Amino acid sequence: MPTLMLDLEEARLAALHEYALLDSPADAEVTAVVRIAATIADVPTATLNLIDESRQCQLTTVGFEGSTTRRSDSMCAIAFRGGRIAHVPDASRHPIYAGNPWVDGRIGAVRFYASVPLVTPSGYALGTLCVFDTEAKSLTEAQLARLEDLAEILVGLFERRRQTRIAEQATAAAERDRRRLELAHAELRRSNEELEGFAAAVSNDLVRPLASTSGYLELIDQLYGDRLDERAAGWLAGASESMERMRQLVEALLTYAKAGNAPCVRSAVTLAEATAAATADLRTLIESHGAEVRVRGNVELNADPTLLRQLLQNLIDNAVTYHHPERAPRVEIAGRHTDGGHLITVTDNGVGIPATERGRVFDMFTQVDPARRRGHGVGLSTCLRIVERHHGTIAVDEAPDGGTVISVWLPGAVAALSQRRDRAASIR
C-alpha cells in the first residue's frame, strides 16, 4: 500500500530543512545502509538523494562520485512524493524516464533503476534511496521489500540525529539560561549589598548631625524659649518635630538595611519569648496609648531570634500607631503549627487597610494615609524582608472587627527542634 503523502511542498521543504541533512557529510551508518542496498539489489551503484527546492543532492554514493544536480534533471524527483517504489527494468524504454539526462547520455546511461522514497513519520518525502545500473534487470519482491526496510532504517537514523540535535540545542539553551540567571542573581546580590551598605552608611552619617541639630534646638528652647513670641515658638516646635521624624526615619532605614544584611541564624524560639522582647522595646509606645498586647497559642518556632523580634516589633508598632481613635489599641498575636512550618497572625482593632491598598503596603515608603503623618512606610517593607530571609510568606487582610490581620508563614522542622530541646534538658 502506498504511504499516505502530504502533497504540500512548502511543508515538505520545511521538514527537509528541519533534519539539517543538506550539504553535510553523511554519517558512517548512513553510508553503510546505502552499501547494503547496492548489495541487496546486486548492482554496482547506489545513492541517497535528498531533493530540495531546486536541487538533487547525493548525500552519499556507492560506485560513483556523487554530485549535486538540478532537480529538473533528477529521475527520483519525478515521482518520489507519491510514496511508491519506482521499479524500472529498462529506463531507455520507459515513456517517462527515457528522455531523462541520466538515461539518454547527457549525464549518464542508466538502464535499470529503482528508488524507495524516504518518508518521515509526519508523511513528508525527503528524497530517495536509489539503486541503478547501466544494464537492464529486474528485482524480486523480496529484494524490493528489503530496500523498503533499508529506507525505514535511514529515516530512523535521520530522526535520531534530529532528536539528538534538538536535545543538544535544548541543553545548550538551558545552560545559557542558567548562566544568564546566575549572572543576574549575582548582579542582584551585588546591587542589594551595595544598596544596603549605602543605606547603612548614609543613615549612620545622618545620625550625628541630627543629634547635634536636635541638641541645639533643645538649647534654644531652654535658654530663649520664654523670649520667643508665639510665631517663633511655633517655628521652633515645628523644627523639633521635623527633626524627630527624621530621626525615626533614619532608624527605620537602619533597621531595614540590617534586616537584609544580618545573617539569618535559626534556632528554637517560642512566640511568647519573641513577643516579650518586642514589647519591651515598645513599652513607652504601648503604655502611652493604653494598648493591650497578648499572645494566644505559644508555639515553638524555627527562626532567627533577632530578626523575629524585629518582625514582631514592627507589626506591633504598626498596630498601635494606626489605632482607631474611638477605642484603645488591642493586639493579639497567635501561632499554630502547619504542615512544614508555623503560621503567626498579628490581629489588631485599628483603622484597617482598604482592600485597594493591601497589594502595595509592603512596598518601600508606602503610606496608606500620608496626610495623617504617622509612620514612614518602611516598617512593613522591613517585615517582608525578614520573612523572605526565612523563605516564608506574609499577607495582609481585614480583621473580623474591622482592623487588620497580618499573616506570616515561616517554614521549619518544629518537631525536630523540640526533640533536641528535650534531649538537652535530659542531659542537664
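Helix 1 is followed by alanine 20, whose phi is positive, near 55 degrees. The model is a predicted one, in which local features need pLDDT of at least 70 and side-chain atom pairs count only at pLDDT 80 or more, while totals for chains, interfaces and linings use all residues. Residues are numbered from 1 along each chain as its sequence is written, and side-chain values use heavy atoms, with hydrogens and water left out.

Helices (H or I, at least four residues) and strands (E, at least two) are DSSP runs, numbered from the N terminus. In helix 1, which spans residues 9–18, Arg12, Leu13, Ala15 and Leu16 are buried, a term that means under 20% relative accessible area with a 1.4 Å probe and protein chains only. These residues cover an arc of only 160 degrees around the axis, which puts them on the same side of helix 1; the arc is that of the directions from the helix axis to the C-beta atoms. The buried residues of helix 1 pack against strand 1 (45–51) and strand 6 (125–133), where contact means heavy atoms within 4.5 Å.

Strand 13 (residues 404–411) is largely enclosed by the rest of the structure, because 6 of its 8 residues are buried. Two strands pair if DSSP finds at least two bridges between them, and the pairings of strand 13 are set out below.

| Strand paired with strand 13 | Sense | Bridges | Bridge partners or opposite residues |
|---|---|---|---|
| Strand 11 (residues 341–348) | antiparallel | 7 bridges | threonine 347 and valine 405 |
| Strand 12 (residues 393–398) | antiparallel | 6 bridges | threonine 393 and tryptophan 409 |

Strand 12 and strand 13 also form a hairpin with 5 residues between them, and glycine 402 in the turn has a positive phi of about 100 degrees.

Methods
Buried means under 20% relative accessible area, exposed over 50%, partly exposed in between (1.4 Å probe, protein chains only).
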